[in-house]
Structure formats: C-alpha cells, structure tokens
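Here's a walk through one fold, from its strands to its ligand site and a few odd backbone spots. Have the viewer open as you read.

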Amino acid sequence: MPDAKPALTILLAGPRGFCAGVDRAIKIVEEALRRFGAPVYVRHEIVHNRFVVETLRAQGAVFVEELEEVPDDRPVVFSAHGVPKSVPAEAQRREMIYLDATCPLVSKVHRGAERSHAQGKHLILIGHAGHPEVIGTMGQLPPGSVTLVEDVAQAESVQPPEGVPLAFTTQTTLSVDDTAEIVSVLRRRFPDMAVPAKEDICYATTNRQAAVKEVASRAELTIVVGAPNSSNSVRLREVAARAGCPRALMVQRGAEIDPSIADGLSTIAVTAGASAPEVLVEEVVARFRDRFTVTVETVTVAEEHVVFKLPPALQAAQ
Ligand code: SF4
C-alpha cells in the first residue's frame with residue numbers, strides 16, 4: 001500500500017472570481033465575434049487576465065492599445081475599465097462600429113464625475129495613477145478639473161484650487177480599508193467636500209475583500225489567482241496579508257505552483273480576482289490534490305445576484 005497523502009484543507013473564498021462587469025465584457029466580445037465575424041478589435045485587454053485574453057484571441061479578437069491601430073472598417077470593443085471621452089468621439093468621427101464594454105458601475109462613476117463638474121466642483125479622484133480606469137475617469141472631464149490622490153500621504157499634502165467647492169470619487173477596485181483612511185484625511189482637511197451618495201468601490205471588490213479576510217485569517221498560506229496588472233487582485237493579496245495570514249501569493253495559473261509549498265501546513269486559502277475565471281481556481285486546487293488529500297470548504301460571506309445586460313445593439317442580435 002502506498003503511503004497516504006497528508007491532509008490539507010483548502011478554504012475557498014466566496015465570492016471570488018468573475019464579477020458581473022467582467023462577465024458582460026467578455027460576452028460583448030464573444031457576441032461581437034458571432035455577429036461581425038473575425039477580426040474584432042479590442043482596445044486594451046478586455047479584462048486584466050491573460051487566460052481570458054488568449055481565449056478570445058484564439059476566437060479572432062485582436063488586442064490593441066490605441067484606436068489608431070484599428071482599421072476603420074472593423075468593429076472595436078472598449079474594455080471594461082472605461083475610456084476617456086475622446087475615444088468614442090474619435091470612433092464616431094471615423095464612423096467606426098464600436099461597442100462599449102465599460103462596466104456599468106464604472107459608467108456610474110463617470111456620470112457622477114460629470115455631475116460634480118456641472119455643479120462647478122473640482123473633483124478629487126482617489127485611485128492609482130496609470131490604471132486604465134483612472135485614465136478613463138479623468139478623461140470624462142476637461143484637463144485640470146480632476147486631482148488624483150493615491151494614498152494617505154497625498155491626501156495630507158494635496159492642494160486643490162482655492163475657492164472652488166470640492167467633490168470626491170474613487171476607482172471601483174480599491175482597498176476598502178485604505179480608501180476609508182484616505183477619505184477621512186480628506187474630510188478632515190476639506191470638511192465641506194461633497195461626498196458621493198453611495199460608495200464608488202463596487203460590490204464585487206467589497207465582497208471579495210470581505211471573503212478573503214475571512215479565509216486568510218484562518219489559513220497559513222493564501223493564494224490569489226489573478227494578474228499583477230489587475231487592481232482588485234493585487235488588493236486581495238494585500239488584504240490577505242493584513243488579515244494576519246503568514247504568507248500571501250498571487251499566481252496566474254496552477255502550473256506556477258509547486259505544491260510542496262504547503263508541506264507542513266494544514267489549512268490554506270484560495271481566492272480569485274474579479275477578472276479570473278473559475279477554471280483557474282480549479283487548476284490551483286488540482287495542483288494540491290497531486291500531493292495532498294484535499295478537503296475543500298467554501299466560506300461564503302455574501303451572495304451575489306448581479307447581472308448586467310448587454311448593450312442594446314447586441315441584445316437585438318441574440
Ligand atoms: S470589479 Fe466592479 S467595477 Fe470592475 S468590472 Fe467588476 S463589477 Fe465592474
């Protein structure tokens with residue numbers, strides 16, 4: 001009889017993985033391919049996940065960074081992160097067919113930014129410089145109308161234009177705890193600053209962070225399935241570490257894991273960023289099954305039933 005494999009409990013965070021905005025964005029590309037045939041161009045990675053991008057590329061999607069790389073006569077999809085206003089304006093000028101896969105929750109932030117601007121307010125945007133969502137949100141308003149604040153230190157030192165009322169908004173995928181700290185500094189310094197009616201950090205980010213906190217606090221190792229350029233995935237790793245888990249790693253595929261990493265451990269936690277499909281979580285669990293007798297326990301902190309409709313042009317095609 002071969003030696004029995006050691007036991008390992010894997011706590012799966014619930015919810016994890018795909019959110020409604022990612023699901024919709026991928027469906028928009030798939031539906032565009034079905035309706036228009038290949039190639040369909042996609043401006044920026046549709047969602048920040050290499051597996052998703054490669055799967056769509058194999059079906060005929062062509063990923064580019066700028067609209068100028070797209071021929072006039074092929075459809076183009078804008079990614080879930082949103083785009084500056086100049087992008088659809090240019091597509092219209094060139095009479096292109098374009099489909100906007102911006103998550104409706106990002107679009108909501110855009111509309112809020114426009115409202116604040118129309119009320120004569122200067123906008124403080126809490127987010128990460130260079131992230132496409134931040135570029136898209138800043139690009140809803142004329143240059144100079146938005147000041148970006150990335151952290152508590154910048155919240156302490158930022159000098160918005162004097163004598164102009166202020167409002168703030170946030171990137172949708174930030175750390176809930178870090179953002180609360182930044183907001184409290186801004187509100188102390190600018191007590192009259194307008195506060196959004198509802199939190200801009202989205203339900204999916206909030207729920208995934210709450211879930212990883214729960215499992216990471218009970219685990220000796222946390223693995224986040226996600227991509228280094230995925231903001232919400234990076235935040236999950238940080239939240240796991242802060243929840244007291246001795247080690248928190250990010251992987252893109254199961255093959256990156258040497259299962260001996262769990263030797264001597266009894267409990268590990270696994271979660272996935274909002275752009276990572278469940279099949280990649282299954283890959284990770286399978287890697288550990290090679291070496292351990294695995295018991296999987298799902299720890300669910302919130303149920304999600306959010307579904308976003310496709311744009312009207314594609315609904316009609318279904
Ligand atoms: S993480 Fe949130 S804002 Fe981003 S696509 Fe998903 S639901 Fe939309």
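## Strands in the middle

Strand β10 (residues 248–251) runs parallel to β9, and four bridges join the two. Strands and helices here are DSSP runs, numbered from the N terminus: E over at least two residues for a strand, H or I over at least four for a helix. Two strands count as paired if DSSP finds at least two bridges between them.

Before going further, a word on the source: this is a predicted model, with local features needing pLDDT of at least 70 and side-chain atom pairs counted only at pLDDT 80 or more, while totals for chains, interfaces and linings use all residues. Residues are numbered from 1 along each chain as its sequence is written, and side-chain values use heavy atoms, with hydrogens and water left out.

Back to β9. It also runs parallel to strand β11 (residues 267–272), this time with five bridges. V225 is a handy place to look at both pairings: V225 stands opposite V251 in β10, and its bridge partner in β11 is A272.

How many residues of β9 (residues 221–225) are buried? Five of the five are, so the strand is largely enclosed by the rest of the structure. Buried here means under 20% relative accessible area, exposed means over 50%, and partly exposed is in between (1.4 Å probe, protein chains only). In a regular strand the side chains alternate between the two faces of the sheet. In β9, L221, I223 and V225 point one way, T222 and V224 point the other way, and all are buried.

Strand β8 (residues 166–170) tells a similar story, being mostly covered, with five of its five residues buried. L166, F168 and T170 point one way from β8, A167 and T169 go the other way, and all are buried. Strand β6 (residues 122–126) runs parallel to β8 and is joined to it by five bridges. One of the matched pairs is L123 with A167, its bridge partner in β8.

## Around the ligand

Where does the ligand sit? It's in the largest cavity. A cavity is a set of points, on a 1 Å grid over the protein atoms alone, where a 1.4 Å probe fits but cannot get out. To sit in one, a molecule needs more than half of its atoms within 2 Å of the grid points.

The shell around the ligand is made up of C19, G21, V22, C103, L105, V106, T172, T173, C202 and Y203, where being near means having a heavy atom within 4 Å of the molecule. Two helices, α1 (20–36) and α4 (104–118), each supply at least two residues of this shell. By class the shell has seven nonpolar, three polar and no charged residues. For that tally, Ala, Val, Leu, Ile, Met, Phe, Trp, Tyr, Cys and Pro count as nonpolar, Asp, Glu, Lys and Arg as charged, and the others, Gly among them, as polar.

Two of the shell's cysteines are worth a look. C103 counts as buried, at 11% relative accessibility, and C202 is buried too, at 12%. How many disulfides does the structure hold? Zero, taking a disulfide as a pair of cysteine sulfur atoms within 2.5 Å.

H81 is found in the loop between β4 (76–78) and α3. It's buried at 10% relative accessible area. H81 and V106 are 25 residues apart in sequence, yet 7.0 Å apart in space, C-alpha to C-alpha.

## Backbone oddities

Now for the spots where the backbone does something unusual.

| Site | Feature | Value |
|---|---|---|
| G14 and P15 | cis peptide bond | omega about 5° |
| A38 and P39 | cis peptide bond | omega about -5° |
| H44 | positive phi, not glycine | phi near 75° |
| E95 | positive phi, not glycine | phi about 55° |

As for where they are, P15 is in the loop between β1 and α1, and P39 is in the loop between α1 and β2 (40–43). H44 is in the loop between β2 and α2 (50–58) and is buried, at 15% relative accessible area. E95 is in the loop between α3 (86–93) and β5 (98–100) and is exposed, at 71%.

Methods: On a 1 Å grid over the protein atoms alone, a cavity is a set of points where a 1.4 Å probe fits but cannot get out, and a pocket is an open set with protein on both sides within 12 Å along at least five of seven lines; lining residues have an atom within 4 Å of a point.
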